[in-house]
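The exercises below ask the reader to work from a set of coordinates towards a description of chains, interfaces and single residues. Each task is followed by a solution that goes step by step.

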Amino acid sequence: MILKMAWKNIWRKKLRSSVVITSIVVGLVGGILYMGIMNGMMYQRIGSAIATEVSHIQIHNEKFLENEELKFSITNSTNIINKLEKNKAIRSVCSRIITTGMASTARTGSGVEIIGINPNKEKAVSNLYTKLIDSTSSYFNTKARLPILIGERLAKKLNAKRKSKIILTFQSASGELTGGAFKVVGIFRTQNSSFDEMKVFVRKADIAKLVDIPTETSHEIAIMLKNDELLKQEKENLKKEFKELTVSPWQETMPELGMMEESMNYMLYILMIIILLAIAFGIVNTMLMVVFERTKELGMLMCIGLSRKKVFSMILLETMFLSITGGIIGLTISVLLVNWLSVDGIDLSIVSEGLQVWGYDTIIYPDVEVSYYINTGLLVVALAILAAIYPARKAIKLKPVEAVRIDN
Amino acid sequence: MNYIQLSKRNLFRNKRRTLITMASIFFAVFLALTMRSMQLGSYDSIIDSVVNNYVGHIQIHKKGYWDDKTIDNVFDINDKITTVIDSIENIDFISPRVESFALASVGNKTKGVAVVGIDPKIENSFSKLKTRLAKGELLQHKKGALIGSRLASYLNLKVNDTLILLGQGYQGYTASGMFPVRGIVKLPSPDLDNKFVYLNIEDAQQLYSLDNKLTSIAIKLKDNDDIELVQKTLINTLKDENIEIMKWNEMMPEIEQQIQADNVSSLVLLWLLYLIVGFGIFGTLLMMLTERRREFGVMIALGMKNTRVATLVIVETIQITIYGLLAGIIVSLPLIIYYHLNPIPLTGEMAETMERYGWEPVLRIALYPDYFINQSLTVLIIVAIALIYPLTTILKMNAVKAIKG
Amino acid sequence: MNRKISILIVIVLYSCNLFAQDAKEIIKKADEKWQGMSNYMEMKMTIVRPEYKREITFKSWSKDRDYSITLITSPAREKGQSFLKRKNDMWTWNPNISRYIKLPTAMMSQGWMGSDFTNDDVLKESSVVTDYTHKLIGSEILDGIDCYIIEMTPTEEAAIVWEKVKKWISKDAYDQLKSEYYDEDDELVKSDRGYDIKIMDDRTIPTRIEILPADKPGNKTIVNILKIKYNIKVKDSFFSQQNMKRLK
């Protein structure tokens, strides 16, 4: 019965209840949307870094990361790759030869990291081939003797274009200075401009020949998993399986992104708590006012025999109903809005300048995890209960006789 | 009609209601102030870690150096420059530097390194070298080198080993020298840790055949806010010298852009909060309206014009707002000042990651008098907006209906 | 009729071929005259910049195209440094630090001793004949001397940054009087000029060479040949690290 009364009471004063509910809805929708955009931005950046730049996991000789020397290659790499290809969690694997050298044109030279790839296998792991700025580029399907792929930033620095000649100078396995004349077959642009400036891609066979090492040599094995969730588990599995090698998940290869991921989760919950706190305050205040406004009515109820406990519960329930209604509406609108926006994304071109510098795309797809909705919903309920306690206690402290007498 | 007296009496008569309304305003102000100080504080952190760890607030170089950082673009620190710098009170201290590149050779390993000639007394606290010393000792006035830990391990160098540097000096002279390793520092950025070699500035000048010239002077100010002023002063008084005077954000525009982008999202959040508390304030005003409907009705019936009633309500609300504002400021101010001076230490994984990046694992709170005024004005505006509905209702009020209830 | 045409074609093709061979021959002759099988040189290099001028003197020994040692003899602060080139590698010895250091790839595009002559140029100068295809494109009178103009294009495999190099070789004496280096946009990047033809040892050669970077008008490097001896007797073992230290 109290339940019914509580429910009816709310709707007696429509405007007031709507105000409370609206504040909850606005808070939830605003907060969740905000969170979704922040999250979306982050995942977008991370997703593209994984797809283009670092892959899910990379494997190296344990000495290689400190010291990128030719001799620190992965022993038995062919066997390792075979094993990995049979691994059910892994979608694709590729191996690379890596060395450092100079890339020069007639104008100037620049230090680069030379990455020897097997173009077909590489396509399965990295989508770099989709980031070529000239759509007529042939990638490595070319007749050029020594094809090379360079980043846009490097191309600008060296004043090079497609079909330009780039002289790569590097050390051979025996320490001799050697090099070759390469032809630019494509220029790529990723979201990471230092990637674009530092990395050049050539065919494994070509660089192996010039450097005088076997073509199957591997300095880096890049792995793409079937989906992101498998990362934690696979990382551990691979670390155990290949104890002598360094197995690095993307968070270690690009620690700045790893840090961003860590702090983001932290942030999102703090933010939601702040928003809910603001909402809670509003609820407490409003309910207090409500209680005092209804002193006469409550007094009468108590006079005719409604126990204090029941009055307490009634106020509590009213507050809860308001909060939960607001919560449900708010969450529903949020879910719908986020889902709708995540289809086409939001175009943030207005504020885009700062974003592009940092490698973000201007179209953001809001991303909110289901657990976030659920946790927020639970928080709203908890908050509702807590927010209700103070007004409810005030309600029962009213002295019935005086309450009836008050002429508000 | 004495609105003020009347309003005061009304407010006093129903203390509870007054207090509740004040509370919602208090909360709005409190929330806004603390939120904003935290947000601005985080930018302070970013600026701090850039500025204080190496770059400084302002740098002086030979004109054209920043775009073409070669060893030939050096300048002399003459008397005029020293006098001008000494005369500016806002400058905390300056750090003269000689920065260039060289080949480090140990055994048969060679590696390109970044050589930084410093005055150890100044730089040890400026770049926090003291806290980052891992082995050995910091530079003193004898010949020696302080190198990054990753560089030390690549070249297999221990304290007291000899580091050999070879490079190109001023006007193309060959730069070559041998330096005993005095100490090893662990620099937070792995990239710098793998590249940096600190030398005494005199040794660096000798290495690069520079006599007394410098590549840069880094200036640290006492207060972040003085940057514009000091830069202007320096530019004006030193315009005849062939030098450029740059602020940190001119040297590292990416950092400033990051802060600006972040600021946009912070402001969005702030406005969201305003919206929410705005509803709270609206709610309380609405309540006040419903409660006092009869009271207003009686007043109108007794002959008071609706507009006068409305004005009375405005005067009451203004007072409540002012008291709420003051309360909010009085409570938040000491908190903000305290945490501004004693940043909140962070723990756990978050802290570890920050430290790895060379950031102090603390939550910084900023203190700017400006935004106290800004936030207060914003709250006033919100109250004004929240008043619109109640006021229009009062203006349209019909005494009889109001009294009847 | 057909036979006459085919003979004509064959003759034309043959003479074209002859022309091409001629161009290569010309370059070969010029290169051999300049370098000899081996040589010993004493040179002075002046580095000219808008803000300063620097002078360095050095001695150098070279053999075949693959080996050379250079010893800096002045000024005092640079004296005693030496450079060894063996095929594709370059080492430097610095008495101040008592060290041999092998020049890494990163230093290749830097100017040798701060001049406009890069380390890379030093390493690659031996390949004018083998790394290019040569074409005679005309003649010009330079400083009163009639010269062939030969256009050189790097072969596909050659690790040469230039898109095209033009050389002016004197018709009578096969002296390299002018070179121009172009990038792929056909813009001039660098040029050098030879002057002061004198008798040195057993031949007459330009004794002053000026290297001019095209994008920095106030900069140039002037090399004066003070003394030169051709076809000296020198063993391969002379060109060693230990010798870098011992040379005076």
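## Exercise 1: the interface of chain C and chain B

The area buried between chain C and chain B comes to about 1,600 Å², and carbon and sulfur atoms give 56% of it. The model is a predicted one, and the task is to describe this interface by its residues, its polar pairs and the elements of chain C that supply it.

**Solution.** Step one is to count the residues in contact, which gives 18 residues of chain C against 18 residues of chain B. Step two is to look for charged and polar pairs: the rule finds zero salt bridges across the interface of chain C and chain B, while nine residue pairs are in polar contact, both residues of each pair being at pLDDT 80 or more. Step three is to assign the chain C side to secondary structure, where β5 (89-94) and β6 (99-102) of chain C each supply at least two residues, and β6(C) gives the most, with three residues. Step four is to sort the residues of that side by type, which yields six nonpolar, seven polar and five charged.

## Exercise 2: the interface of chain B and chain A

Carry out the corresponding analysis for chain B and chain A, and state which element of chain B gives the largest share of the side that touches chain A.

**Solution.** The contact is made by 42 residues from chain B and 42 residues from chain A. Between them the two chains bury about 3,800 Å², with 76% of this area on carbon and sulfur atoms. The salt-bridge rule again returns zero for chain B and chain A, and the count of residue pairs in polar contact, with both residues at pLDDT 80 or more, is one. On the side of chain B that touches chain A, the elements giving two or more residues are α2 (15-55), α6 (149-155), α11 (253-291) and α14 (348-356) of chain B. The largest share of that side comes from α11(B), with 23 residues. Sorted by type, the residues of this side of chain B divide into 23 nonpolar, 12 polar and seven charged.

## Exercise 3: the overall form of chain B

Decide how the radius of gyration of chain B stands against the globule rule for 405 residues.

**Solution.** Begin with the content of the chain: chain B has 16 helices and 14 strands. Its radius of gyration is 31 Å, well over the 22 Å that the globule rule gives for 405 residues, so chain B is more spread out than a compact globule. The box that its C-alpha atoms fill, taken along the principal axes, is roughly 100 × 50 × 30 Å. Two further values complete the picture: buried residues make up 55% of the 405 residues in chain B, and, among contacts between residues at least 6 apart in sequence, 79% join residues at least 24 apart.

## Exercise 4: the surroundings of Asp193(B)

Is Asp193(B) buried or exposed, and which backbone nitrogens does its side chain reach?

**Solution.** Asp193(B) is found in helix α7 (residues 190-193) of chain B. Its relative accessible area is 0%, and because buried means under 20%, Asp193(B) counts as buried. Its side chain reaches the backbone nitrogen of Leu187(B) at 3.0 Å, and a polar atom of the same side chain lies 3.2 Å from the backbone nitrogen of Arg150(B). Leaving aside neighbours within four places in sequence, the residues in contact with Asp193(B) include Gly148(B), Ser149(B), Val185(B) and Lys186(B).

## Exercise 5: backbone geometry in loops

Most residues other than glycine have a negative phi, and most peptide bonds are trans. Place the departures listed below in their loops.

**Solution.** Take the peptide bond first: the bond from Ser74(C) to Pro75(C) is cis, with omega near 5 degrees, and Pro75(C) is in the loop between β3 (67-74) and β4 (82-86) of chain C. Next, Asp64(C) has a positive phi near 55 degrees. Asp64(C) lies in the loop between β2 (53-63) and β3 of chain C and is partly exposed, with a relative accessible area of 35%. Finally, Lys163(A), which is not a glycine, has a positive phi of about 80 degrees. Lys163(A) is in the loop between α5 (152-158) and β5 (165-171) of chain A, and at 59% relative accessibility it counts as exposed.

Note on methods: Residues numbered from 1 in each chain as written. Chains lettered and ligands numbered in written order. Predicted model: local features only at pLDDT ≥ 70, side-chain atom pairs only at ≥ 80, totals over all residues. Heavy atoms only, no water. Contact = heavy atoms within 4.5 Å. Buried area = accessible area lost by both parts, 1.4 Å probe. Salt bridge = Lys/Arg side-chain N within 4 Å of Asp/Glu carboxyl O. Polar contact = N/O pair within 3.5 Å; in protein donor to acceptor, adjacent residues only side chain to side chain. Helix = DSSP H or I, 4+ residues; strand = E, 2+ residues; numbered from the N terminus. Nonpolar A, V, L, I, M, F, W, Y, C, P; charged D, E, K, R; others polar. Rg over C-alpha atoms; globule rule 2.2 N^0.38 Å. Buried < 20%, exposed > 50% of the residue type's maximum accessible area, 1.4 Å probe, protein only.
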